[in-house]
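Please examine the sequence and the predicted model shown below. The account that follows is intended to be read alongside them.

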Amino acid sequence: MIATYVRNDNNNVVMLLGSRNSFKCRQREYNNDRELIKNTKESLRFISFKESQKIIEKKNKIIYGPLIFESMSKL
């Protein structure tokens, strides 16, 4: 299991535990024509541990988790 930190829509920090393939699958999104979609609201916004600590200290935000995240690829 890998621990990663992501930001949600409210810029709160969420700690996710999952496998590398789960995160790889979730980070990339494709439309019906198999074209890559970048910077969509549904994709996860990965941040570093240091950045998560700065967000929590400066902005009085909440850290959620750890949550288990497992997804299956379409292949």
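The paragraphs below treat the sheet, two backbone details and a surface patch in turn.

This is a predicted model, in which local features need pLDDT of at least 70 and side-chain atom pairs count only at pLDDT 80 or more, while totals for chains, interfaces and linings use all residues. Residues are numbered from 1 along each chain as its sequence is written, and side-chain values use heavy atoms, with hydrogens and water left out.

Four strands form an open sheet in the order β5-β1-β2-β6, with mixed pairing. Its edge strands, β5 (45-47) and β6 (63-69), each pair on one side only. From one strand to the next, the twist averages 40°. Strands (E, at least two residues) and helices (H or I, at least four) are DSSP runs numbered from the N terminus, and two strands pair if DSSP finds at least two bridges between them. Axes for the twist are lines fitted to C-alpha atoms, with angles from 0 to 180 degrees between N-to-C directions.

Strand β1 (residues 2-7) pairs with β5 in the antiparallel sense over three bridges. Here Y5 stands opposite I47, and V6 stands opposite F46. β1 also pairs with strand β2 (residues 13-18), again antiparallel, over six bridges; I2 has G18 as its bridge partner there.

Most residues other than glycine have a negative phi, and most peptide bonds are trans. In the hairpin of β1 and β2, with five residues between the strands, N11 takes a positive phi near 60°. The peptide bond from G65 to P66 is cis, with omega near 5°, and P66 lies in strand β6.

On the surface, K50, K54, K58 and K59 gather in a patch of positive charge. Such a patch joins like charges within 9 Å, taken at NZ for Lys, among residues with over 30% relative accessible area (Shrake-Rupley, 1.4 Å probe) and no salt bridge, meaning no Lys or Arg side-chain nitrogen within 4 Å of an Asp or Glu carboxyl oxygen. Of these residues, K54 lies in helix α2 (residues 49-59).

How values were computed: Patch = residues over 30% accessible without salt bridge, like charges linked within 9 Å, V, L, I, M, F, W, Y side chains within 5 Å. Lys, Arg positive; Asp, Glu negative; His and termini not counted.
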